[in-house]
Amino acid sequence: MKDDQRVWNMEPVEVTARFDLDGKIIPLTFSWREKNYKVASVGRSWEDEAGRHILVMTPGDRIYQLVFIPAESLWYLHPLDSDRMPS
C-alpha cells in the first residue's frame, strides 16, 4: 500500500467506467470486498492531491466515493462514515 493510500485511508477497487470525449469520467460498476455494485447515479466530482473523486449512488441509495488516480490508472474507494473500513 502506498503512503497516499494510508493517508487517505483508501482501498483498491475494480471499476468499469466510461471516459467521454470531453474528459468526463462516468463509473458504471465497481467491485469491493468481493461484491459487485451497479452505479445507479453519479453525483458531484472534484480533484485534489489524492486524485479525481466521484460520488456514486448504488441501488438502495447507498453512496460511495470512488477515487481515480490518473498517474497510476487505478481506482480506490474512500470510506464514508456509514462504510468505515477496518484499519
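Two strands count as paired here if DSSP finds at least two bridges between them. With that in hand, let's walk through this model, which is a predicted one.

Start with β1, residues 11-19, and its partner β7: the two run antiparallel and are joined by 3 bridges. One place to look is Glu11, which stands opposite Leu77 in β7. β1 also pairs with β2, again antiparallel, this time through 6 bridges. On that side you can find Phe19 facing Ile25 of β2.

Now follow β7 itself, which covers residues 74-78. How many of its residues are buried? The count is 4 of 5, so this strand is mostly covered, given that buried means under 20% relative accessible area. Besides β1, β7 has β6 (residues 62-69) as an antiparallel partner, with 5 bridges between them. Gln65 sits opposite His78 in that pairing. The β6 and β7 strands make a hairpin with 4 residues in between, and Ser73 in the turn has a positive phi of about 55°.

Zoom out and these pairings fall into place. There is an open sheet of 7 strands, and reading across it you get β3-β2-β1-β7-β6-β5-β4, with antiparallel pairing. Which strands sit at the edges? They are β3 (35-38) and β4 (41-48), each pairing on one side only. Direction ignored, neighbouring strands of this sheet are turned by 35° against each other on average.

Next, the nonpolar interior. The largest nonpolar core has 14 residues, and Phe30, Leu66 and Trp75 are the ones that touch the most other members. Several strands feed this core: β1, β2, β5 (51-58), β6 and β7 supply at least two residues each.

Phe30 deserves a closer look. Its relative accessible area is 1%, so Phe30 is buried, the limit being under 20%. Leaving aside residues up to four places away in sequence, its contacts include Val15, Tyr37, Val56, Tyr64, Leu66 and Leu77. Among the others that Phe30 touches are Glu14, Lys35, Asn36 and Thr58.

That brings us to the aromatic rings. A pair of them is described by the distance of the centres and the angle of the planes. Searching the whole structure turns up 7 aromatic pairs. One of them is Phe30 with Tyr37, a stacked pair at 4.8 Å centre to centre and 10° between the planes. Is Tyr37 buried or exposed? At 14% relative accessibility, Tyr37 counts as buried. Trp32 and Tyr64 make an edge-to-face pair instead, with 5.9 Å between centres and 70° between the planes. Why does this pair tie together parts that are 32 residues apart in sequence? Because Trp32 lies in strand β2 (residues 25-32), while Tyr64 lies in strand β6. Trp32 is buried, at a relative accessible area of 5%, and Tyr64 is buried too, at 3%. Put together, Phe30, Trp32, Tyr37 and Tyr64 form one aromatic cluster.

One last stop, on a ring with a charge over it: Arg44 lies over the face of Trp46, at 4.3 Å from the ring centre.

Conventions. Residues are numbered from 1 along each chain as its sequence is written. This is a predicted model: local features need pLDDT of at least 70, side-chain atom pairs count only at pLDDT 80 or more; totals for chains, interfaces and linings use all residues. Side-chain values use heavy atoms; hydrogens and water are left out. Buried means under 20% relative accessible area, exposed over 50%, partly exposed in between (1.4 Å probe, protein chains only). Rings of Phe, Tyr and Trp (its six-membered ring) pair if their centres lie within 6.5 Å; planes under 30 degrees apart count as stacked, over 60 as edge-to-face and the rest as tilted. A charge sits over a ring if NZ of Lys or CZ of Arg is within 6 Å of the ring centre and within 35 degrees of the ring normal. A nonpolar core is a set of buried Ala, Val, Leu, Ile, Met, Phe, Trp, Tyr and Cys residues joined through side-chain atoms within 4.5 Å. Contact means heavy atoms within 4.5 Å. Axes are lines fitted to C-alpha atoms, for helices over the stretch in contact, and angles run from 0 to 180 degrees between N-to-C directions.
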